[in-house]
Every structure is written in structure tokens, then in C-alpha cells.
Amino acid sequence: MKLQLDKSFDTEKCRHYVNNRLTVLHCHHYATLFTQLAIDAKDIVEGTKILYETSETVFFEVLKGYFDKNNITDKAERLGLAQEMFSAVGLGKIEPDSFDESGGLVEMPVSHLDEGWLKKWGKHNSPVNYIGAGYIAAMYSAVFDKPVRTYTVEEQESKVTGAKKAVLKVSL
Amino acid sequence: MAIDRNKIIEQMSKVSAEANPDGLISAFNVLINSFPAEFWNMFTHKMVDAVSEDIVDAVEELFVNAAHECGYHTGYGIITSKEWDAIVKPMVENTEDILHGAYAVFTAWGWGKAEIVELTPGEKMIVRAEDYYESDIKDSYPGNKSKRMMAYMIRGVSGAFMDLAYGGDYDPTGEAGMYTFECKQTKGIETGDPYGEFVVSKRDDS
């Protein structure tokens with residue numbers, strides 16, 4: 001099954017919906033500055049953890065809601081749809097290198113955050129894909145029918161630090 | 001004023017943001033993302049509530065700055081786009097029309113029904129907004145009301161729109177031309193007001 005995106009516009013409230021979920025467009029300046037804010041706040045609050053968990057929470061609902069509504073139970077099909085959704089929202093491209101219920105490795109050859117960060121500021125001394133990592137944690141939980149926060153995702157290789165692609169490790 | 005706001009909203013709301021095979025959405029000289037509004041509101045809520053009262057103002061300013069840069073660069077991308085040229089530009093007679101047109105596009109994008117209610121060219125602008133997605137943050141607070149006005153995105157973008165209109169030539173580096181105006185929120189749906197109100201004026205040090 002190919003990912004179905006039902007897009008609608010409420011002409012009275014002037015709001016956009018994708019699969020009945022209120023959706024807004026923003027640019028890489030906004031996403032990278034939110035990420036920078038989260039990183040820079042490390043001495044006063046766990047900003048990157050909040051960003052990661054926010055992404056995990058929200059995208060878990062997106063994916064689980066989609067699977068439930070369309071009665072999709074096959075794990076491989078769920079994985080393929082989750083990869084499509086990652087691209088559809090503009091986050092980039094993810095390709096699981098190894099994928100099972102206990103975790104694995106996910107490659108991210110293209111990322112909205114990496115491309116945006118490099119375009120805006122150039123290289124950085126640490127990874128910046130907290131939104132993408134949260135999405136991958138959500139993807140694992142949604143595919144394997146686990147609750148949110150079951151998985152931990154850590155970016156091991158990062159494009160903004162000089163790697164050719166991002167590689168993220170997923171563990172229980 | 002020659003701007004037909006309803007026509008712009010009707011036509012610009014149909015502009016679709018589709019990802020390329022790499023999962024990137026390129027438009028208006030920037031990369032676009034299309035996230036659930038809840039993502040932005042939840043992160044904002046958690047960050048603001050996580051910091052102590054003595055630094056919450058500083059954190060709020062960082063959110064406003066993020067939107068200001070977004071509004072400056074993406075705003076410029078919009079008013080120089082082929083979509084703008086096709087739909088809005090034929091209605092534009094002066095700088096003020098560009099501003100009115102920009103808020104029609106702002107509305108068409110689904111950020112909120114925002115409209116200029118007072119404008120002194122080069123000096124001051126008052127914007128009123130209804131149904132802005134940031135006001136939905138109220139639903140995550142007890143009693144469906146937040147204690148703070150939290151439409152940081154509208155504040156930042158509104159300041160940026162005045163920069164683009166009256167702050168000089170667009171500077172891709174953002175070093176000149178940006179932050180010549182600032183915006184204060186004076187009413188908020190999230191705090192119980194019937195609409196949001198935003199006052200943009202020249203920055204004191206500009």
C-alpha cells in the first residue's frame with residue numbers, strides 16, 4: 001500500500017489538515033533555530049531531550065493513527081509507510097540497515113535538519129537530528145506495537161560533523 | 001488598496017508542498033517542513049514550562065527570534081516567488097499592498113487568520129489574528145487558558161515583515177535589514193481574549 005495523504009483546507013478557519021491532523025508549513029530556518037535553542041539550553045534545561053521526546057510523541061500518534069485507521073498490521077508494510085511519511089513531511093530520507101524488534105541501525109542519507117543546518121551555518125561539532133531521532137523512535141514503537149519511549153535512538157554519525165550520511169542506532 | 005485578500009487566500013491555499021525523492025521540500029528559496037501543529041506547540045509549552053521564571057523571558061525571545069529569521073528569509077522567498085508574481089503582484093501598487101498581501105499569504109498557509117488593522121508606513125503596524133494555530137496551546141493548560149501570551153511565531157514573523165517592507169534591501173546573511181522592527185503581543189486567544197493582537201514598532205536601537 002502506498003502512503004495516502006488526505007489534504008484539506010478549512011476555508012472558514014483557514015487551517016490545513018493532513019489525514020485530519022492540523023498541519024503547518026515552516027522552513028529550515030525555523031527548525032534549525034528551534035534545534036539550536038534546544039542545544040544551547042543544555043545548562044538550564046534538557047532542551048534536546050524535550051525536542052526528541054516531543055517529536056517521538058507527536059509522530060507516534062501520526063503513525064499509529066495511520067496504521068490503526070487503515071488496519072495495517074504487517075510490520076514490513078508499516079516500516080515502508082513510516083519511511084514514506086518521513087519523506088512526505090519533509091524530514092528527508094531514512095533507510096533501515098538492520099531492523100528488528102530489539103533495535104537496529106537506521107541510515108539517514110538526507111535530512112531536513114542536516115541540509116538546513118549546513119545551508120544556514122555550515123558544520124557543527126555535534127549531531128543535530130533530534131527531531132529525526134524522535135521520529136525513528138516513534139517509528140519503531142508504532143511498527144512493533146510498543147508504547148512510546150520503548151526505544152532509545154542515538155545519532156552515531158552525523159552529516160553536520162562531517163560524515164557522508166547520518167547513522168542512528170536504535171536500542172531498547 | 002488593490003489587494004483582494006479573499007482571492008489570495010483562495011488561490012495561495014492551493015499551493016502544494018510536495019517532497020522530492022530525497023524527502024526534501026524545496027520552495028521559496030528555503031527547505032520546507034510540514035509537521036503537525038501540535039509538534040511546535042508541544043515543544044514551546046514544554047520549554048517555557050521547564051525553565052525558571054527569571055529566564056523565561058529570554059527563552060521566549062529566542063522563540064520569537066526563530067520566527068523572525070523564518071519570516072525574514074521565507075517572507076522574502078515568498079514575495080519574490082513565481083506564485084506571488086502570478087497571484088499577488090498584479091494587485092500590488094505600493095509597499096503597503098505588499099504587507100497586506102503578505103498577511104493574506106500568511107493566512108493561506110494556515111498560520112492564522114491575520115490581518116493588518118492599523119498601519120503607519122515605516123513606523124508602526126497593528127495586526128489582529130484569529131484561529132492562529134499557536135493559540136491551540138491553551139488546550140494543553142488547565143482550564144484551557146495559558147498564563148502567558150505565547151504566539152511567538154506571529155510576533156517574529158510580523159517584525160520580519162516590517163523589516164522587509166521598511167528595513168532596507170533584503171540581506172541574505174541577515175546581518176543588515178533584519179531586527180529593525182520588533183513586535184509585542186498585546187492580546188491572545190490563549191489567555192482568554194477573543195483574538196490575538198500584535199503591535200510592531202521600530203526597535204529602539206535600530
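Helix α3 (residues 75-88) of chain A and helix α5 (residues 130-143) of chain A have axes that come within 10 Å and cross at roughly 155 degrees. That angle is over 145, so α3(A) counts as roughly antiparallel to α5(A). This is a predicted model. Beyond this helix pair, chain A and chain B touch each other, and strands of both chains join in an open sheet of 5 strands.

**Helix pair in chain A**

- The crossing of α3(A) and α5(A) is right-handed.
- On the α3(A) side, the contact is made by Lys75(A), Arg78(A), Leu79(A), Ala82(A) and Phe86(A).
- On the α5(A) side, Tyr135(A), Met139(A), Ala142(A) and Val143(A) make the contact.
- The residues of this contact divide into 7 nonpolar, no polar and 2 charged.

**Where chain B meets chain A**

- In chain B, 42 residues are in contact with 41 residues of chain A.
- Four elements of chain B give two or more residues to the side that touches chain A: β2 (30-36), α2 (37-50), α3 (56-79) and α5 (95-108).
- The largest share of that side comes from α2(B), with 9 residues.
- By residue class, the side of chain B that touches chain A divides into 27 nonpolar, 9 polar and 6 charged.

**The sheet across both chains**

- The strand order is β1(A)-β2(A)-β3(A)-β2(B)-β1(B), with antiparallel pairing.
- The edge strands are β1 (7-10) of chain A and β1 (25-27) of chain B. Each of them pairs on one side only.
- Neighbouring strands of the sheet are turned by 40 degrees against each other on average, direction ignored.

**Strand pairing in detail**

- Between the chains, strand β3 (residues 21-27) of chain A pairs with β2(B) in the antiparallel sense over 5 bridges.
- Val24(A) stands opposite Phe35(B), a residue in β2(B).
- Within chain B, β1(B) and β2(B) pair in the antiparallel sense over 3 bridges.
- Ile25(B) stands opposite Ile32(B), which lies in β2(B).

**A helix over the sheet**

- Which strands does α3(B) lie across? They are β3 of chain A and β2 of chain B.
- Helix α3(B) runs at about 85 degrees to β3(A).
- The strands under discussion here, β3(A) and β2(B), are neighbours in the sheet order.
- Both β2(B) and α3(B) also give two or more residues to the side of chain B that touches chain A.

Terms used: Residues are numbered from 1 along each chain as its sequence is written. Chains are lettered from A and ligands numbered from 1 in the order in which they are written. This is a predicted model: local features need pLDDT of at least 70, side-chain atom pairs count only at pLDDT 80 or more; totals for chains, interfaces and linings use all residues. Axes are lines fitted to C-alpha atoms, for helices over the stretch in contact, and angles run from 0 to 180 degrees between N-to-C directions. Angles under 35 degrees count as roughly parallel, over 145 as roughly antiparallel, 65 to 115 as roughly perpendicular and the rest as oblique. A crossing is left-handed if the near helix is turned anticlockwise from the far one by less than a right angle, and right-handed if clockwise. Two residues are in contact if their C-beta atoms, placed from the backbone, lie within 7 Å. Ala, Val, Leu, Ile, Met, Phe, Trp, Tyr, Cys and Pro count as nonpolar, Asp, Glu, Lys and Arg as charged, and the others, Gly among them, as polar. Two strands pair if DSSP finds at least two bridges between them.
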